[in-house]
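Visitor: I'm new to reading protein models. Could you walk me through this one?

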Amino acid sequence: MTSPPEPPAKTLVAFGVHSPTFVAASGLGTIWKVQRADQSPAALKCYFDKSMPGEASGFTFLHAIDGRGAAKI
């Protein structure tokens with residue numbers, strides 16, 4: 001499988017991550033393994049549709065857990 005273009009640099013900067021490695025693509029977007037500033041791993045999902053159908057409510061959940069892990073991949 002060919003990797004899509006990397007996430008825009010401004011997106012990586014906005015989330016404080018670097019070194020994206022393509023993981024998977026779905027109908028909703030692409031998932032990248034990234035590194036945080038402290039070198040810990042994280043995942044970045046870039047949506048194709050800005051409205052993020054069916055997933056936007058997850059931001060409320062992520063805010064509520066205040067930085068603790070939400071999923072193990």
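Guide: Happy to! Keep in mind that this is a predicted model. Let's begin with Phe 61, which has a relative accessibility of 47%.

Visitor: Okay, is Phe 61 buried, exposed or partly exposed?

Guide: Buried means under 20% relative accessible area, and exposed means over 50%. Phe 61 comes out at 47%, so its label is partly exposed.

Visitor: And where along the chain does Phe 61 sit, in which helix?

Guide: Look at residues 58-64, which make up a helix. Phe 61 is found there, and the helix is called α2.

Visitor: Which residues make the nonpolar surface patch?

Guide: The patch covers about 300 Å². One of its members is the Phe 61 we just met, in helix α2. The full set is Phe 59, Phe 61 and Leu 62.

Visitor: Let's move to the sheet. Which strands are at its edges?

Guide: It's an open sheet of three strands, in the order β1-β2-β3, with antiparallel pairing. An edge strand here pairs on one side only. That gives β1 (17-25) and β3 (41-47).

Visitor: How much does the sheet twist from one strand to the next?

Guide: We're talking about an average over the sheet with the order β1-β2-β3. From one strand to the next, the twist averages 30 degrees.

Visitor: How many bridges join β2 to β3?

Guide: β2 spans residues 29-36 and runs antiparallel to β3. One pair of bridge partners is Thr 30 and, in β3, Cys 46. The number of bridges joining β2 to β3 is seven.

Visitor: Which side chains of β3 are buried?

Guide: Along β3 the side chains alternate between two faces. Pro 41, Ala 43, Lys 45 and Tyr 47 point to one face and are not buried. Pointing to the other face, and buried, are Ala 42, Leu 44 and Cys 46.

Visitor: Which residue in the turn between β2 and β3 has a positive phi?

Guide: Most residues other than glycine have a negative phi. The β2 and β3 hairpin has four residues between its strands, and one in the turn has a positive phi of about 75 degrees. At 47% relative accessibility that residue is also partly exposed, and its name is Gln 39.

Visitor: One last thing: what is the phi of Ser 19?

Guide: Ser 19 belongs to strand β1. Its relative accessible area is 44%, so Ser 19 is partly exposed. Its phi is a positive value in a residue other than glycine, near 55 degrees.

Methods: Residues are numbered from 1 along each chain as its sequence is written. This is a predicted model: local features need pLDDT of at least 70, side-chain atom pairs count only at pLDDT 80 or more; totals for chains, interfaces and linings use all residues. Side-chain values use heavy atoms; hydrogens and water are left out. Two strands pair if DSSP finds at least two bridges between them. Axes are lines fitted to C-alpha atoms, for helices over the stretch in contact, and angles run from 0 to 180 degrees between N-to-C directions. Buried means under 20% relative accessible area, exposed over 50%, partly exposed in between (1.4 Å probe, protein chains only). Patches are made of residues with over 30% relative accessible area and no salt bridge: like charges are joined within 9 Å, nonpolar side chains (Val, Leu, Ile, Met, Phe, Trp, Tyr) within 5 Å. Accessible areas come from the Shrake-Rupley method with a 1.4 Å probe; for residues, only the protein chains shown count as cover. A salt bridge is a side-chain nitrogen of Lys or Arg within 4 Å of a carboxyl oxygen of Asp or Glu.
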